[in-house]
Amino acid sequence: MTEVAIDATVAKQNLLDLDREGLERFFADTLGEKRFRAHQVMKWIHHRYVTDFEEMTDLGKALRAKLQAHAEVRVPQIQFEKPSTDGTHKWLIAMDGKNAIETVYIPDKGRGTLCVSSQVGCALNCQFCSTATQGFNRNLSTAEIIGQVWVAARHLGNVPHKQRRLTNVVMMGMGEPLMNFDNVVRAMSIMRDDLGYGLANKRVTLSTAGMVPMIDKLGEVSDVSLAVSLHAPNDALRDTLVPLNKKYPIATLMESCVRYAQRKRGESVTFEYTLMKDVNDQPQHARELIRLMREFDNRLQMKDAAKVNLIPFNPFPGTRFERPDDAAIRKFQKLLNESGRIAPVRRTRGDDIDAACGQLKGQVADRTRRQAEHLKRLQAQGGPGVDAAA
Ligand code: SAH
């Protein structure tokens, strides 16, 4: 085995930050080890959820010691977790003292989907999204993104290549994934790697508010499914809901989606449409949307190239928007159906744990403030002290 000079002053490399290629390079260049050793370690981490090198029993003692000295497997800390009565499960994951992000697992007939966050907060300021209200804080690292999958998969006892409980990942948690491109792409590569979570390309979906140049870049490096948060069928309305539309208006956005789908030959693009009462839920909006979707199909010369997902608005404190009533939702859907478009309405899941789309907020600060207020109230009432607030 070749000995390689290693700089001990350099901080330990978190192996969760590396995809297969990065890990192979780390083993070859930094540790002077063979590539297949990297593969063994990947399996320990992502298939068996082992983080202690000592437990990686098919590695020699010397290698384990070397790893101990220069690397670590640092998984994100779970702040708390909340199971819902409908099988949905939410984790609040601590990022640092005051920040947290949320990850949600949603089981459904024959599949289990994990909704993963890509940023702490978000800079895009979509008017109907609760993540926007906290502003942008920072990008998540690769380890923090794939760490969410690791946490959920371990909890579920997920065994790759066997009956899996985690079958799909959607990058639809907090943040705009295409604004954290490299980390998201690397994490998605681990999700799809056989040495990682072994998910099929189609079962990993990236959802974007419409970062046009990055959609093209994604098409060059990745084969994941694309979802686009449309929410309005014309620029005048979309400008008011998704400010990014002023930079990349609908026609430009649709062209980038055409290019993405063309590259994937035969793959559809999903357009998400959050229905808001009296804002974008009227029959004329449905008719405009139908036209837009038909144009997309025509550009690709493929029926159902455009898939529509209807999401009834999920309210959160302080929002000016409302969810349309069921009749309005059904009417909107019916118009789309009559045009030949399936347009499923996404059922709200995990309602009792605030886990629905657009409700993820990572409310550590809020919670701390509420606890302080609660304590103050108790003290004012001459009640018990610190314990009661915990
Ligand atoms: N930034 C990415 C991914 C995060 S949002 C994007 O914009 O696609 C995931 C989905 O939830 C998006 O379609 C988003 O528009 C939708 N969403 C946000 N807030 C919502 C709310 N309050 N009710 C319903 N859907 C919401």
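**Exercise 1. Burial and contacts in the whole chain**

Task: State what share of the chain's residues counts as buried in this predicted model, and how the contacts and the exposed surface are made up.

Solution.
- Step 1. The chain has 390 residues, and 52% of them count as buried.
- Step 2. Take the contacts between residues at least 6 apart in sequence: 66% of these join residues at least 24 apart.
- Step 3. About 18100 Å² of the chain is exposed, with 49% of that area supplied by carbon and sulfur atoms.
- Step 4. The secondary structure amounts to 12 helices and 13 strands.

**Exercise 2. The buried side of α1**

Task: List the buried residues of helix α1 (residues 20-30), name elements that cover them, and describe the glycine that follows the helix.

Solution.
- Step 1. Gly 22, Leu 23, Glu 24, Phe 26 and Phe 27 are the buried residues of α1.
- Step 2. In an α-helix there are 3.6 residues a turn, so residues three or four places apart point the same way.
- Step 3. The cover over the buried residues of α1 includes β1 (13-14), α2 (35-46), α3 (61-70) and β2 (71-72).
- Step 4. After α1 comes Gly 32, with a positive phi near 65 degrees.

**Exercise 3. Two helix partners of α6**

Task: Describe how α6 packs with α5 and with α8, and give the residue classes for the contact with α5 and for the contact with α8.

Solution.
- Step 1. Helix α5 (residues 181-192) packs with helix α6 (residues 212-221) at an angle of about 35 degrees, and their axes are 12 Å apart. The crossing is right-handed.
- Step 2. From α5, Phe 181, Val 185 and Met 188 take part; they meet Met 214, Lys 217, Leu 218 and Val 221 of α6. By class, the residues of this contact are 6 nonpolar, no polar and 1 charged.
- Step 3. For α6 and helix α8 (residues 250-264), the angle is about 5 degrees and the axes are 9 Å apart. Angles under 35 degrees count as roughly parallel, and α6 and α8 are therefore roughly parallel to each other.
- Step 4. On the α6 side the contact uses Val 212, Ile 215, Asp 216, Leu 218, Gly 219 and Glu 220; on the α8 side it uses Thr 252, Leu 253, Ser 256, Arg 259, Tyr 260, Arg 263 and Lys 264. The residues of the contact of α6 with α8 comprise 5 nonpolar, 3 polar and 5 charged.

**Exercise 4. Two residues with positive phi**

Task: For His 231 and Gln 301, give phi, then decide for His 231 and for Gln 301 whether the residue is buried or exposed.

Solution.
- Step 1. Most residues other than glycine have a negative phi.
- Step 2. His 231 has a positive phi, near 65 degrees, and lies in the loop between β11 (225-229) and α7 (235-241).
- Step 3. Buried means under 20% relative accessible area. His 231 counts as buried because its relative accessibility is 4%.
- Step 4. Apart from neighbours within four places in sequence, His 231 contacts Phe 128, Leu 241, Val 242, Glu 272, Tyr 273, Thr 274 and Asn 280.
- Step 5. Gln 301 also has a positive phi, near 50 degrees, in the loop between α9 (283-300) and β13 (306-312).
- Step 6. The cut-off for exposed is over 50%. With a relative accessible area of 75%, Gln 301 is therefore exposed.

How values were computed: Residues are numbered from 1 along each chain as its sequence is written. This is a predicted model: local features need pLDDT of at least 70, side-chain atom pairs count only at pLDDT 80 or more; totals for chains, interfaces and linings use all residues. Side-chain values use heavy atoms; hydrogens and water are left out. Axes are lines fitted to C-alpha atoms, for helices over the stretch in contact, and angles run from 0 to 180 degrees between N-to-C directions. Helices (H or I, at least four residues) and strands (E, at least two) are DSSP runs, numbered from the N terminus. A crossing is left-handed if the near helix is turned anticlockwise from the far one by less than a right angle, and right-handed if clockwise. Contact means heavy atoms within 4.5 Å. Ala, Val, Leu, Ile, Met, Phe, Trp, Tyr, Cys and Pro count as nonpolar, Asp, Glu, Lys and Arg as charged, and the others, Gly among them, as polar. Buried means under 20% relative accessible area, exposed over 50%, partly exposed in between (1.4 Å probe, protein chains only). Accessible areas come from the Shrake-Rupley method with a 1.4 Å probe; for residues, only the protein chains shown count as cover. Angles under 35 degrees count as roughly parallel, over 145 as roughly antiparallel, 65 to 115 as roughly perpendicular and the rest as oblique.
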